[in-house]
Amino acid sequence: MTPVLKNKILTPHPHTIPMIKSIVPLLSGLLALTTVNAAEPDVTRHSGFRPGQPWADARGVHINAHGFCVVDFEGRHYWYGAHKIEGKTEDEKNEAGIRCYVSDDLVNWEDKGLVLSVFAPDAHRDLAEAFILDRPKVIYKQSTRTFIAYFKLYPPKERGGKSGKDYAWVGVATSATPTGPFDYKGYFLGNHNKYGTGDFAIHQDEDGAVYHVAVRKPDKALIYGRLSDDGLRPVGEYKVLEGVTGHTEAPAFFRRGGKVYLLGSGTSGWKPNPARMFVADRFAGPYKELPNPCRGVNPINKLGPEKTFGGQSTFVYQVAGRKDSWIAMFDINKPEDPVNAGYIWLPVEFEADQPVIRWRDQWDLSVFAEP
Ligand code: DGJ
């Protein structure tokens, strides 16, 4: 395992430091647009995953893509997440948009910058004014050859958002290429209701149908609604995902051996709680709750299954080219310092068909069987 260059991880690239020192906080979002010097050599190589440790991109800067997902396209991996603005807390307007990284091995990531930016000169008002732009989930829709990004888009207070009446939208943006730029296509309201929905997953079922599965506001039931063929809007009614206990959020689905699994969390704001796991014979349920899948303890914060190692689920990724291999992905939320929030990636094991997510200080893809 190549040791990560510690001083390179949590600090910005050296070329950006003078700029950071001189810039006023108001411009901190623009900093997000700063791309590193293309001539600068890569400084960081990793040979495996180190859950809970700072994760440097190829230039040595801690990856800034939270509430994320990973999408494969033409043999490469794309990590999309919310870019948190340095110096802002989660109580402030602190997201610059969706940041994308690309990798050939899932371990070493190259920064592709903001693929959707709230600071773009021509940014739509919904984006520019958004109080929250978080938890992006991207899919590739084969039928339209389009990448579609969905994201929590909470309007400012004047438009009913955070601390207004708590209205919550789902933003939608599309791109012909994985690295954007994504073109904003407006928002929809989960459950066709002005209060909308919170945390969500986008589930592509075996028949190609795409569903928005989300936490209904204000009662926090987990509901699902089918999206239109172009993936841009819900069609028809939303239904409750039967058997999923109330107040389950941070949902992430995966399929194995004819079963559908749902990993999620309880509801405790940014604080960790025990992970939840459900299984069903079909996506629409009914779901049955399984035991907490987590085992072991994260030695960095001494947290185990009772707090999901200090993390909260965001995505389950099926490893390309490996049989029956999934990686459970979590954020380690840091509401006071979100730009330095962390990540936990762990392999999903199965014990008698029950998913188990065991803590590992470090690991690599050799834990998965070759195809
Ligand atoms: C839990 C969600 O999963 C997070 O993404 C975030 O929205 C916090 N709640 C806010 O309290």
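# Exercises on a predicted model

An open sheet of 5 strands follows the order β17-β21-β20-β19-β18, and its pairing is mixed. The edge strands, each pairing on one side only, are β17 (294–295) and β18 (312–318). The structure is a predicted model, and the exercises below refer to that model.

## Exercise 1. Pairing of β20 and β21

Determine how many bridges join β20 to β21, and in which sense these strands run.

*Solution.* Step one is to locate the strands: β20 covers residues 342–351 and β21 covers residues 354–358. Step two is to count the bridges, which number 4, with the strands running antiparallel. Step three is to select a pair: glutamate 349 has valine 356 of β21 as its bridge partner.

## Exercise 2. The sheet that contains β13

Establish the strand order of the open sheet of 4 strands, and identify its edge strands.

*Solution.* The order is β13-β14-β15-β16, with antiparallel pairing. The edges are β13 and β16 (288–290), each of which pairs on one side only. On average, neighbouring strands of this sheet are turned by 30° against each other, direction ignored. At one end of the order, β15 (residues 275–280) is joined to β16 by 3 antiparallel bridges. Within that pairing, valine 279 has lysine 288 of β16 as its bridge partner.

## Exercise 3. The ligand shell

List the residues that surround the ligand and classify them by polarity.

*Solution.* The shell consists of Gly67, Asp134, Arg135, Asp199, Glu249, Ala250, Gly269, Trp270 and Gln312. Two elements give two or more residues to it, namely β5 (132–141) and β13 (249–256). By class, the shell residues comprise 2 nonpolar, 3 polar and 4 charged.

## Exercise 4. Strand β7 and its partners

Describe the burial of β7 and its pairing with β6 and β8.

*Solution.* Begin with burial: β7 spans residues 169–175, and 5 of its 7 residues are buried. Next, consider β6 (residues 146–154), which pairs with β7 in the antiparallel sense over 7 bridges. One of the bridge pairs links alanine 149 to alanine 173 in β7. Finally, 4 bridges join β7 to β8 (residues 183–188), and these strands also run antiparallel. Here glycine 171 has tyrosine 187 of β8 as its bridge partner.

## Exercise 5. Arginine 145

Decide whether arginine 145 is buried or exposed, and state where in the chain it is placed.

*Solution.* Arginine 145 lies in the loop between β5 and β6. The cut-off for an exposed residue is 12 or fewer other C-beta atoms within 10 Å. Arginine 145 counts as exposed because it has 8 C-beta neighbours inside 10 Å. As for its position in space, its C-alpha is 8.9 Å from that of threonine 177, although the two residues are 32 apart in sequence.

## Exercise 6. The β1–β2 hairpin and the core

Characterise the hairpin of β1 and β2, then examine tryptophan 79 and the largest nonpolar core.

*Solution.* Strands β1 (residues 66–73) and β2 (residues 76–84) pair in the antiparallel sense over 6 bridges. Valine 71 stands opposite tyrosine 78 in β2. The hairpin has 2 residues between its strands, and glutamate 74 in the turn has a positive phi of about 45°.

Turning to the core, the largest nonpolar one has 91 residues. Trp79, Tyr80, Ile98, Ala149, Val316, Ile327 and Ala328 have the most contacts inside it. The element that gives the most to this core is β6, with 7 residues. Leaving aside residues up to four places away in sequence, tryptophan 79 touches Ala65, Phe68, Val70, Cys100, Tyr101, Ser103 and Trp109.

Key: Residues are numbered from 1 along each chain as its sequence is written. This is a predicted model: local features need pLDDT of at least 70, side-chain atom pairs count only at pLDDT 80 or more; totals for chains, interfaces and linings use all residues. A residue is near a molecule or strand if its C-beta atom, placed from the backbone, lies within 6 Å of it. Ala, Val, Leu, Ile, Met, Phe, Trp, Tyr, Cys and Pro count as nonpolar, Asp, Glu, Lys and Arg as charged, and the others, Gly among them, as polar. A residue is buried if 20 or more other C-beta atoms lie within 10 Å of its own, exposed if 12 or fewer, and partly exposed in between; C-beta atoms are placed from the backbone. Two strands pair if DSSP finds at least two bridges between them. Axes are lines fitted to C-alpha atoms, for helices over the stretch in contact, and angles run from 0 to 180 degrees between N-to-C directions. A nonpolar core is a set of buried Ala, Val, Leu, Ile, Met, Phe, Trp, Tyr and Cys residues joined through C-beta atoms within 7 Å. Two residues are in contact if their C-beta atoms, placed from the backbone, lie within 7 Å.
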